[in-house]
Amino acid sequence: MVDTPPPEPPADEVHVTTEEQLRAVSSLVRHRILGVLRDGPATISQVASQLNLLKGSSSYHMRLLERAGLIRVVSTRKVRGVTERYYAHAARQIVLPAPTQTDVLMRHAVADLEAAAPNTPRYVRLQHARVSAERFDDFAARLAALLDELGDSTQPQEAAATLAVAFFRPQDPRPSAPTDSTIEASAPGDEPR
């Protein structure tokens, strides 16, 4: 029997702005708890069972996520005199500050990929390219639209899948091209050192 009224729908976004929130999303265990809750509300015991955690550890991490405003209690029920709390995401999307914490997403994605069974379907690719600023912006917008399309087509009865994207400009390893002043400073016939 449910003791609480039906939950309010989750907010569209929660913006990570505090140190407490940053610590909460930086933990791989808490990232995986958020992953379990993507499939629907769950109790501390259910999360512990799915992630092979001790119940006390699951409780600790879920309390931190709740205090950070990233998850919330959506219903409760009495079971043998004990109140069970069902937790769910506080928002549909967690927005991290850029660029300081966005690497957290990639660290978690790589850890999840490494932990996945070797025979699970996967597509992994690293692509280097040289593109103009305009083409970079256009491609980033197309990637965002593709990710939105994938997120909008969620089918709860199907197996989970994760897509991690990092499209960025790395530090250019090529030496800087000489400037006009450098060229003018060389005498004719001198070899560059």
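Arginine 80 sits in the loop between strand S2 (71–79) and strand S3 (82–89). The model is predicted. Phi of arginine 80 is near 50°. That is a positive value, and the residue is not glycine. Arginine 80 is also exposed, because its relative accessible area is 81% and the cut-off for exposed is over 50%.

A second residue has a positive phi. Asparagine 52 has phi near 55°, again in a residue other than glycine. Asparagine 52 lies in the loop between H3 and H4. With 73% relative accessibility, asparagine 52 counts as exposed.

That loop leads to the helices on either side. How do the axes of H3 and H4 cross? Helix H3 covers residues 44–51 and helix H4 covers residues 55–67. Their axes come within 8 Å and cross at roughly 115°. H3 is therefore roughly perpendicular to H4, a class that takes in angles of 65 to 115 degrees. The crossing of H3 past H4 is right-handed.

Which residues of H3 and H4 meet? From H3 come Ile44, Ser45, Val47 and Ala48. From H4 come Lys55, Ser58, Ser59 and Met62. By class, this contact of H3 with H4 has four nonpolar, three polar and one charged residues.

Now step back along the chain to helix H2 (residues 28–38). The axes of H2 and H3 come within 10 Å. They cross at roughly 110°. H2 is thus roughly perpendicular to H3. H2 passes H3 in a right-handed crossing.

The contact of H2 with H3 draws on Val29, Arg32, Ile33, Val36 and Leu37 in H2. These meet Val47, Gln50 and Leu51 in H3. The residues of this contact divide into six nonpolar, one polar and one charged. Val47 of H3 appears here, facing H2, and Val47 is also among the H3 residues that meet H4.

Next, the aromatic rings. How many aromatic pairs are there? The count comes to two. Ring pairs join Phe136, Phe139 and Phe167 into a cluster.

Take phenylalanine 136 and phenylalanine 167. A pair of aromatic rings is described by the distance of the centres and the angle of the planes. For phenylalanine 136 and phenylalanine 167 the centres are 4.3 Å apart and the planes are at 15°. The pair is stacked because of that plane angle, as planes under 30 degrees apart count as stacked.

The stacked pair links distant parts of the chain. Phenylalanine 136 is in helix H6 (residues 133–152). Phenylalanine 167 is in the loop between H6 and helix H7 (180–185). The two are 31 residues apart.

Are phenylalanine 136 and phenylalanine 167 buried or partly exposed? Phenylalanine 136 is buried, because its relative accessible area is 15% and the limit for buried is under 20%. Phenylalanine 167 has a relative accessible area of 33% and is partly exposed.

The loop between H6 and H7 also holds threonine 162. Threonine 162 counts as exposed, at 62% relative accessibility. How far apart are the C-alpha atoms of threonine 162 and glycine 35? They are separated by 9.9 Å. Along the chain, threonine 162 and glycine 35 are 127 residues apart.

Definitions and conventions
Residues numbered from 1 in each chain as written. Predicted model: local features only at pLDDT ≥ 70, side-chain atom pairs only at ≥ 80, totals over all residues. Heavy atoms only, no water. Axes fitted to C-alpha atoms, helices over the stretch in contact; angles between N-to-C directions. Helix = DSSP H or I, 4+ residues; strand = E, 2+ residues; numbered from the N terminus. Parallel < 35°, antiparallel > 145°, perpendicular 65-115°, else oblique. Left-handed = near helix turned anticlockwise from the far one by under 90°. Contact = heavy atoms within 4.5 Å. Nonpolar A, V, L, I, M, F, W, Y, C, P; charged D, E, K, R; others polar. Phe/Tyr/Trp six-rings, centres within 6.5 Å; stacked < 30°, edge-to-face > 60°. Buried < 20%, exposed > 50% of the residue type's maximum accessible area, 1.4 Å probe, protein only.
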